[in-house]
Amino acid sequence: MASVHESLYFNPMMTNGVVHANIFGIKDWVTPYKIAVLTLLYEMSTTKPMALLERRRLNKLILPLQQGADLTLEQFVKIVEECSLRMVNAVKLRIFLMADGELQDMEHFFTILPNAFSDSEAFKTSVVGLFMRQMLLAYNKLSFSQVYKLYKSLQQYCHLGNQLELSALPSEDMELTSNEDPSADRIDKDELDTTSLHQSELRSDETQGPLSQKQAEYFLARQAYLLKNDENKAMSPAKLQDELNNILKFNPDFAEAHYLSYLNSMRVQDIFISTHSLLHYFDRLFISGGEGKSNGDEGYGRSLRYAVLNLATLHCRFGHYQQADLALQEAIRIAQEANDHVCLQHCLSWLYTLEQMKGSDSVVLTEDSVKIAAHFCLPYLASLGIQSLVQQGAKQGMAANKLLDALRGTDIMHWKQSLSELIEISLAQTTSIWRMYGKSTMARQQAQLLLNMNSLEPVNFSVQQNNTEAFAVTLCHLSELHAEQGLYAVVADIMKHLKQQFPPHTQHAKLWMLCDLKIQFEKAMNDGKYHLAEPHVTAISALNSTEGLYRKAQLLKALNQTSEASKILQQLQQQCEKSKNTEMIIRVMLASAELHWDSSGFASGLPLLLQALALSRQHNLQSLTSETVLHLAFTQLMLGIPEQALALVQDVLESVLAHGSLIDKGRALLLAARCQMTLAGTAAQKHRLTALEQAVHTLEEAAVYFSRLDCKERMRDIHYLQARLHHTLGNVSQRNKYAMLFRLLDQELPSSGMTVVNRL
């Protein structure tokens, strides 16, 4: 982190590179870099005629210059030059006059420095004034020998700094300031990728210099904020850990650095370092806690309670449920002894979360948590409990109006309390609920509300609050919804944005990875390219074993390996019944019924289909209900009951066309056309022609949907039926046209063993 070599620092707490005292014992000290900053402030104050735009740019530059790590003179001059060329010339002139002159020139500068601000109110109250007074106070406390060392360091800073070869300029993840500036447009893009005010380094074999307490606190606060709100802009895990190690090298008891190390280790799922850093964090809190009551609101007791609670959350994160349960019980015991209701409420929230992770019923615990949180006026925990109850209610089949009323009540509280994070979670959860219920239009609307919402939280460091889990979930839903409509170019754009916002090392990257793999798998299956779908199955299984097993069964079924597919489906159904995954249970039943069609006849699949229909209606899963009804309609068609089959298709056709995917719309219309064709064969002669023309029209509509998906297998089936229909109607030219299209596709595609006659 330190941009200037250690020998260029003047640190009164160090002699010959050895720290003799805690360097954070003093807030700040004078360094050559800070003299350069003071020079800039002095010139800004004494240079009256200055363009408004230049002064505005320089004003925006001051705070990061004060709080950031020390820069080399070359980097400092380059940054100031981007704001004002005249100012950088004045600063360089004054600095080099001091460095090339005598010691009294530097002494004279510190003497005249307060005069430039004596009449300014800002000198007494502003951050700039506080910084200048601290530097003057630190300078006045120096002995003569220390002043002489500072002067020699300034000479080295000015004359050797330009000769140092920087192997790497600062990285992009440290922006200059929280607000973008028009002057940034003048900076070359490659330069923007490598320059930064907050982070500069000399890649040498020498030891990096220490930061002052304020610089270290600013660095830690900034990185912690970025990890919470925009992890993509934070430093990479390895680089951040190096900087933290550098800070801890000079002060091992800096508790906040240990906690940031814990957060950084969680990014890469490093259980050892994260546990080690978390324990060290609370150990250091005990050391620096001072005098406090052992069981009071302050002191060791409070730190110990939350130390154990954080350890429990750590084990929850890594799936160590037994260790998490033991840690939670310990935290509850200590909190009860201290009569700490807030800590107890946090423990209860994690207790029902842990029960959910283990697959147990936690409704009673969650309801108790909500009541107690409301009693103690803890709106954040109460809202999280209500949203957890809504999630569980959705899985258990509660009516949508009750769930959405509960979310609406919490949303009112969120807006009153300005809890932007919970607003985002609520909108993302509403999107997921509508998607689960099969209402794709409402899901898209809720997703757009979240993506276009202005954050209520003050945004610093150029963070736009779009890298939270809620945004990741919503964008994944949007990409899947667009993929269902065949808009793969839009999906590619969304995925590109997700990969930029959530790089592979971030904690939410698995969401878009799984979403991308599922989309690619479905696309390969629709195209009939099963050899391309097979690698995706392995990758999906690595991220989600349940989804991986289901996709593997789908692939085996498409390859006519029915026995292997049946075994996997039976195994998957047992797993889903234990975890109460109703959606997957219904999908497994539908896939099993399709296997029964091929092996035991169409009637053997009816019990499974009726059971799936009852489950989907019980849980208000409209899309799965429609899909199950289509399976039932196809079964009835194959059993010779086309009238009942067509009636069933017409019952769900409106819902499918309104909310279904392109493949579902095409399959529903294709099934309706087949029912119409069968009925036309038994109709009276005067109605037969009308029925056949209606079937032709329905097939044309189905062909539109399949063509948008480029689903060649389905198009081959449709062309076959179109050729048959036009042959019956006597349309020779149309019959030859569709027969030729069918033959071309039949020669291009491999034989799957399944024809339009025996599949939905």
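This passage describes the confidence, aromatic pairs and salt bridges of a predicted model.

The mean pLDDT of the protein is 80, and 83% of the residues reach a score of at least 70. Two stretches with low values are noted here. In residues 1-26 the pLDDT is below 50, although the model gives this stretch 85 contacts beyond near neighbours in sequence. The pLDDT is likewise under 50 in residues 290-297, where 15 contacts beyond four places in sequence are present in the model.

Aromatic pairs number 11 in the structure. In the pair formed by Phe109 and Phe110, the ring centres are separated by 5.7 Å and the planes meet at 75°; because this angle is over 60 degrees, the arrangement is edge-to-face. Phe109 and Phe110 are both buried. The two residues also belong to an aromatic cluster, whose other members are Tyr42 and Tyr139.

A second pair consists of Tyr259 and Tyr281, with ring centres 4.8 Å apart and planes at 50°, and is therefore classed as tilted. This pair connects distant parts of the chain, since Tyr259 belongs to helix α12 (residues 255-267) and Tyr281 to helix α13 (residues 271-288), at a separation of 22 residues. The accessibility of the two partners was computed separately. Tyr259 has a relative accessible area of 27% and is partly exposed, whereas Tyr281, at 17%, is buried. The assignment of Tyr281 follows because buried residues are those under 20% relative accessible area.

A charged group is also placed against an aromatic ring: Lys523 lies over the face of Tyr488, at a distance of 5.2 Å from the ring centre.

The structure contains 17 salt bridges. One of them joins Asp253 to Arg284, with 3.2 Å between the closest N and O atoms. Asp253 is located in the loop between α11 (237-250) and α12, while Arg284 is in helix α13, so this salt bridge ties together parts of the chain 31 residues apart in sequence. Helix α13 thus contains both Arg284 and Tyr281 of the tilted aromatic pair. The relative accessible area of Asp253 is 39%, and the residue is partly exposed; Arg284, with a relative accessibility of 14%, is buried.

Other salt bridges are formed within a single helix. Asp405 and Arg408 are joined by a salt bridge with an N to O distance of 3.6 Å. Both residues are part of helix α19 (residues 400-417), where a spacing of three residues corresponds to about one turn of the helix. Asp405 is partly exposed at 41% relative accessibility, and Arg408 is exposed at 53%. Arg408 is placed in the exposed class because its value is over 50%.

In helix α26 (residues 545-558), Glu547 and Arg551 are four residues apart, which means a separation of about one helical turn. Their side chains form a salt bridge at an N to O distance of 2.2 Å. Glu547 and Arg551 are both buried.

Salt bridges also link several residues into a network, made up of Arg435, Glu480, Glu484 and Lys518.

Notes: Residues are numbered from 1 along each chain as its sequence is written. Side-chain values use heavy atoms; hydrogens and water are left out. Rings of Phe, Tyr and Trp (its six-membered ring) pair if their centres lie within 6.5 Å; planes under 30 degrees apart count as stacked, over 60 as edge-to-face and the rest as tilted. Buried means under 20% relative accessible area, exposed over 50%, partly exposed in between (1.4 Å probe, protein chains only). Helices (H or I, at least four residues) and strands (E, at least two) are DSSP runs, numbered from the N terminus. A charge sits over a ring if NZ of Lys or CZ of Arg is within 6 Å of the ring centre and within 35 degrees of the ring normal. A salt bridge is a side-chain nitrogen of Lys or Arg within 4 Å of a carboxyl oxygen of Asp or Glu. pLDDT is the predictor's confidence in each residue, from 0 to 100. Contact means heavy atoms within 4.5 Å.
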